[in-house]
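Colleague: I would like to go through this model with you, one question at a time. Please give the reasoning first and the value or name last.

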Amino acid sequence: MVEFRDLSCVFGARKAVSGIGVTLNPGETVAVIGRGGSGKTVLLNIASLAIRNFSGDVFIRHRPVQSYSARDLRRAVTFLSEAPRNMEETVMNFLLLARMPYKKILNPFTEYDLQVVEENIAAFSLDPFRDEQLGTLSASLLQRVYLAFSFIRESYLLLLDNPTKDLDLDSVIMLQKAMARYVFDGNKIIFFASNDLNFAAQTSDRILVLEEGRLVLSGSYDIIEPDTVKKYFGVDVFISKNIYNGKPNVHYFPES
Amino acid sequence: MVLVCAGTVVFSMMYTDIPPLRTCYYFIASIFSLVLVKLARADSGVRIDYVQSGEAWAGILGALIIFFLVSDNRYLLFLSVWVSVLMYELYIHQLSRGRSSDRLMVGYAFGAMAVVAGVYLVLNGLRLDAVTAILSGICCTEHHAGWIIPVMVLLCTLLYAMERFFVYELLLFSQGEQYFSSGGYPYGKVKFLVLCLRSVSAAVVISFAGVLAGVSAISIMLPEREGVLQDGMTVLVVFSFINIAALMMTYLNTFSVLAAVVVVSYLLHLFGGRRVVNG
């Protein structure tokens with residue numbers, strides 16, 4: 001279980017997040033949505049301790065996040081907010097690096113490490129590109145590589161910031177399947193921020209809505225309604241039900 | 001490649017007055033240049049040689065100043081080369097924050113500054129033969145204590161072994177602080193260690209081969225394969241180039257050969273070292 005208790009963070013005079021309290025349960029996929037600047041990414045950064053100047057508490061498996069050693073924290077939480085610096089590296093080598101928190105010093109990667117990498121290479125259809133340098137890939141392929149990296153880490157809490165960024169439709173479906181597999185055994189949690197309401201509605205078990213750093217609404221995909229979208233995003237929408245799973249599909253009116 | 005390398009060694013022993021000990025120093029410099037190439041994996045983006053990166057110029061400038069102002073003691077000169085390179089490394093990494101394009105530009109600029117400073121020192125009384133001695137390896141003489149070679153062999157073997165054992169740690173380091181820390185490693189401490197190791201390796205190459213190992217930029221053009229055999233090939237290529245340059249220095253004007261080696265080094269890098277990098 002992951003608990004955020006009364007989280008607040010101030011940047012200058014602006015409250016980036018304010019008084020947020022949430023519990024994430026194992027096996028859950030939770031989306032956080034809201035306008036740009038509402039505090040979604042800040043919340044992910046706090047959860048991964050990438051931002052440390054916050055008040056309140058983050059508990060992971062009933063332990064304060066600050067009590068984790070650097071290595072244990074990276075096994076417990078994965079959050080990639082930066083692109084890699086060395087774009088000369090091959091896709092395969094880069095993905096192997098995701099297993100570094102598990103690798104014993106001076107020992108090679110284990111069979112299991114290689115197996116996890118291969119599974120995710122297959123899941124994100126990266127096999128033809130395994131020997132390509134990162135710098136030669138398109139934005140969509142690169143995003144798939146970054147996503148595969150995050151999934152390969154197999155941490156208890158997987159944090160994703162706008163995971164559908166640059167993805168084509170085919171890749172979005174790969175991502176949805178990978179997310180479903182990740183939490184299937186009920187031992188892990190995915191917490192992601194998204195600007196894509198449809199993706200959030202289709203993929204998550206629970207949705208949190210942030211406005212100006214405050215948690216203003218929380219619930220299942222049912223909270224995605226025209227009134228909610230109008231109130232928190234200022235946009236008129238029409239919502240239909242997906243004929244496959246009954247979850248909401250948001251349709252935008254260009255003239256609105 | 002082994003035959004070419006052996007040929008240059010035999011030729012230099014039979015037809016020139018280059019002492020065998022100096023050839024040994026050139027070989028050590030070749031191995032350290034391989035260590036430098038390997039440590040370059042810790043840097044992101046375009047791989048650059050120690051001449052293009054400006055390290056060679058920083059070390060040579062440090063040695064020139066100490067030679068001009070203080071002493072011609074070889075050990076002091078080696079120390080001045082190492083300290084100059086280390087200071088330059090710390091400054092450049094702080095300045096460029098790992099951006100290789102910035103490092104390259106600063107390297108070019110520092111090279112130009114070193115040339116201007118060298119000309120200034122020569123015009124103010126520094127002997128030209130001292131400049132050529134420093135450019136071709138100030139410590140590459142027969143006047144060392146006997147323990148230098150085994151110590152250097154041990155050191156380069158140790159560094160090479162470390163690079164092979166920690167190859168994935170170096171790759172992770174090259175991806176930046178967030179990635180390296182995510183492996184549970186202390187980024188700041190390892191960064192300082194890498195800079196120290198790199199500066200020691202560069203100082204040994206500069207002290208034993210000057211800019212002659214600048215042709216190790218050729219290794220950037222070699223296929224990037226793993227393995228001791230491939231690494232051995234890189235060492236032989238660099239060693240052969242140094243030997244050929246040293247041979248030419250015995251028959252032609254030393255300064256012209258050194259200048260030609262520097263030009264070749266930059267040309268190799270310009271035409272062979274650039275990679276397509278996104279971002």
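Colleague: Among contacts in chain B between residues at least 6 apart in sequence, what share join residues at least 24 apart?
Modeller: The model is predicted, so local features are read where pLDDT is at least 70. Chain B has 13 helices and 0 strands. Among its contacts between residues at least 6 apart in sequence, the share joining residues at least 24 apart is 82%.

Colleague: How much of chain B is buried?
Modeller: A residue is buried if 20 or more other C-beta atoms lie within 10 Å of its own. In helix α6 (residues 128-135) of chain B, that holds for V131(B), A133(B), I134(B) and L135(B). Of the 279 residues in chain B, the buried ones make up 45%.

Colleague: Which residue with positive phi follows α6(B)?
Modeller: Helix α6 of chain B covers residues 128-135. The residue that follows has a phi near 110°, and this residue is G137(B).

Colleague: Which helix supplies the largest share of the largest nonpolar core?
Modeller: That core has 148 residues, and those with the most contacts inside it include L95(A), V145(A), A148(A), A29(B) and I242(B). In soluble globular proteins, nonpolar side chains tend to be buried together. The largest share here is 11 residues, and it comes from residues 20-39 of chain B, helix α2.

Colleague: Which residue touched by A148(A) is also among those with the most contacts inside the core?
Modeller: Leaving out residues up to four places away in sequence, A148(A) touches N120(A), I121(A), F124(A), L126(A) and L95(A). The residues with the most contacts inside the core include A148(A) itself, and also L95(A).

Colleague: Which element gives the most to the side of chain A that touches chain B?
Modeller: The contact takes 20 residues from chain A and 21 residues from chain B. On the chain A side, α2 (70-76) and α3 (91-96) each supply at least two residues. The residues of that side divide into 9 nonpolar, 4 polar and 7 charged. With 3 residues, the element that gives the most is α2(A).

Colleague: Which strands stand at the edges of the 6-stranded open sheet of chain A?
Modeller: The order of the strands is β6-β7-β8-β3-β9-β10, and the pairing is mixed. Neighbouring strands are turned by 20° against each other on average, direction ignored. An edge strand pairs on one side only, and this applies to β6 (77-79) and β10 (214-219) of chain A.

Colleague: Is β8(A) mostly covered or open, and how many of its residues are buried?
Modeller: In a regular strand the side chains alternate between the two faces of the sheet. On one side of β8(A), I189(A), F191(A) and A193(A) are buried, and on the other side so are I190(A) and F192(A). Strand β8 (residues 189-193) is thus mostly covered, and the count of buried residues is 5 of 5.

Colleague: Which residue of β8(A) is the bridge partner of both T29(A) and L158(A)?
Modeller: Strand β3 (residues 29-34) of chain A pairs with β8(A) in the parallel sense over 4 bridges. Strand β7 (residues 157-161) of chain A also runs parallel to β8(A), joined by 5 bridges. T29(A) has its partner in β8(A) at I190(A), and for L158(A) the partner is likewise I190(A).

Colleague: What is the handedness of the crossover from β7(A) to β8(A)?
Modeller: The two strands run parallel. Between them the chain passes through helix α6 (residues 169-184) of chain A, and this β-α-β crossover is right-handed.

Colleague: Why is one side of β2 and of β5 in chain A left without a neighbour in the sheet?
Modeller: The open sheet has 4 strands in the order β2-β1-β4-β5, with antiparallel pairing. Within it, β1 (residues 2-11) and β4 (residues 54-60) of chain A are joined by 6 bridges. One side of β2 (14-24) and of β5 (63-64) has no neighbour because each stands at an edge, with a single partner strand.

Colleague: Which exposure class does K15(A) fall in?
Modeller: K15(A) lies in strand β2 of chain A. Apart from residues up to four places away in sequence, K15(A) touches S8(A), V10(A) and G213(A). Because K15(A) has 16 C-beta neighbours inside 10 Å, the class is partly exposed.

How values were computed:
Residues numbered from 1 in each chain as written. Chains lettered and ligands numbered in written order. Predicted model: local features only at pLDDT ≥ 70, side-chain atom pairs only at ≥ 80, totals over all residues. Contact = placed C-beta atoms within 7 Å. Nonpolar A, V, L, I, M, F, W, Y, C, P; charged D, E, K, R; others polar. Buried ≥ 20, exposed ≤ 12 C-beta atoms within 10 Å, placed from the backbone. Pairing = 2+ DSSP bridges. Right-handed = clockwise from strand over helix to strand, strands pointing away. Core = buried A, V, L, I, M, F, W, Y, C linked by C-beta atoms within 7 Å. Axes fitted to C-alpha atoms, helices over the stretch in contact; angles between N-to-C directions.
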